[in-house]
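The following exchange sets computed values against the definitions behind them.

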Amino acid sequence: MSTERPRPPSVEAVLAAARRRGDGTREPDAMLRVAREAVADERDRLAAGADPLGIDGLADELAARLAGFERAGATPVINATGVIVHTNLGRAPWPEAAIRAAKEAAGGYLLLELDQDTGRRGARFRTAEEHLVALTGAEDALVTNNNAGALALAVGLAGRGGGVVVSRGELVEIGGGVRIPEIVRRAGGRLIEVGTTNRTRVGDFEAPLSEDRARLVLRVHPSNFRVDGFTEAPDPGGLARLAHAHGAIVVDDLGSGALLATEAFGLMHEPTPREQLAAGADLVTFSGDKLVGGPQAGLVVGRADLIARLRRDPLARAMRPDKATLAGVAATLGLYRAGRAVEAIPVWSMIATPAASIQERAEAVAASLCGSAASLGDSTAAEVVAVESTVGGGSLPGETLPSFAVALALRSATRVLATLRRGSPAVVGRIADGRVLLDLRTVHPDDDEQLTEAILRAIEVPA
Ligand SMILES: *Cc1c(COP(=O)(O)O)cnc(C)c1O
């Protein structure tokens, strides 16, 4: 063996080889940049004692790297967790109509801020806001890029240093370390806490409101946790009357904001924006990608004068959604008005799927696994078990839907779970009682076959 380290070919030689093979139609600067990276990596590999790729090998490598940049970014995922609105997996899958609308908006031009009759600059695309008005009975509506933004904007109505009064039972962490007290402070408000963790009454708001210390009452829906036992929350109507008697604004952050009655699906009642407005809230904010089931957005509904103030706020400009999102939100909301929400919005279709049809699919997946894999010849290795799915995404905490999962009883459940997760598509499941559980409520029926294949690939990986 030679003591001298082999040297990689020159960047020029690799580029010349690539051009000879017809890979020369790309912009030369981009090719040069990637060829340099490939040659630099080859130098490191050789220094570590690896076999040289050679000029042709490096030209292949260059072609593969360049092609890789052209592929769409994210790895597709099969969500077999049974958590319908899964924050780590991108929350709501969009309805077909929203995908189509966003694609059209993205790929062409639209009347975003142009009045079709006058040809002059008009109000920014209003369709989503018009749907919100019709669906909630609000005077007006505004769409921002997410609900945290909508909330910060609404709290800003208290003005710099203005008192914002919140029950101690509602000073929550939304997720990802974002907490209500910090949002209030960053929005310029001065937080006034009243009541206790488990019990707060309307009377607790009396002092800060009557002493003119509070300009805004903020109610935050406890969307991602539940307090049981000796609890009491202020009646929304009573609180709104008290706030209004003292000239304060009531902002209600609903979080998930259902536009359909959740109790019709065997779930606990989730307050709706319409109800909160009827109970006296001046503004209600909620997410576009939780129970609404569309693109990420913040939806604000309520009093026309307040919405007009929010629209004029320079921060509203910083929080406005782009044309594709706006088109997707409008298309999603349109499905509610068209009476097609349950059938066409995936979040609601998944909520509405009867357990029996999930069981049938799970049986089929388990049967084809046992039929195809020698290692699963034992019929108990892949069986169907009853499980509970959850709505997730900070909606309906503690509420579950009966469902069925394919359970894999294999030697190393953790390893199989990791192998499934690292595949393409990535399959995300969970472990219970030492078995990998794949809940089919959150798997699209069209993906059952892909799921079966992914499981077969994962269990064939040697231990
Ligand atoms: C989820 C949630 C938010 C944040 O909404 P995003 O759309 O994620 O910004 C705010 N408040 C409550 C109560 C929530 O549940």
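Q: What makes a pair of atoms a polar contact?
A: A polar contact is a pair of N or O atoms within 3.5 Å; within protein, one must be able to donate a hydrogen and the other to accept it, and residues adjacent in sequence count only if both atoms are side-chain atoms. This is a predicted model, in which local features need pLDDT of at least 70 and side-chain atom pairs count only at pLDDT 80 or more, while totals for chains, interfaces and linings use all residues. Residues are numbered from 1 along each chain as its sequence is written, and side-chain values use heavy atoms, with hydrogens and water left out.

Q: What makes the approach of D253 to the ligand a polar contact?
A: An N or O atom in the side chain of D253 is 2.5 Å from a nitrogen atom of the ligand; the limit is 3.5 Å, so the pair qualifies. The side chain of K290 has an N or O atom 2.8 Å from a ligand oxygen, and a polar side-chain atom of S287 lies 2.7 Å from an oxygen atom of the ligand.

Q: How much of the ligand does the protein bury?
A: Taken alone, the ligand exposes 380 Å², of which the protein buries 92%. Accessible areas come from the Shrake-Rupley method with a 1.4 Å probe; for residues, only the protein chains shown count as cover.

Q: Why are residues such as R91 and H221 placed around the ligand?
A: A residue is near a molecule or strand if one of its heavy atoms lies within 4 Å of it. The residues around the ligand include R91, N146, H221 and D253, so each of these has a heavy atom within that limit. Helix α6 (147–155) and strand β9 each supply at least two residues of the shell.

Q: Why are β4 and β8 called paired strands?
A: Two strands pair if DSSP finds at least two bridges between them. Strands are DSSP runs (E, at least two residues), as helices are (H or I, at least four), numbered from the N terminus. Strands β4 (163–167) and β8 (214–220) share three bridges in the parallel sense, so they pair. V165 stands opposite V217 in β8.

Q: What makes β3 and β7 the edge strands of the seven-stranded sheet?
A: The open sheet has the order β3-β11-β10-β9-β8-β4-β7, with mixed pairing. Strands β3 (140–144) and β7 (190–194) each pair on one side only.

Q: Why are β13 and β16 also called paired?
A: Four bridges join the antiparallel strands β13 (395–408) and β16 (435–439), so the requirement of at least two is met. V406 has L438 in β16 as its bridge partner.
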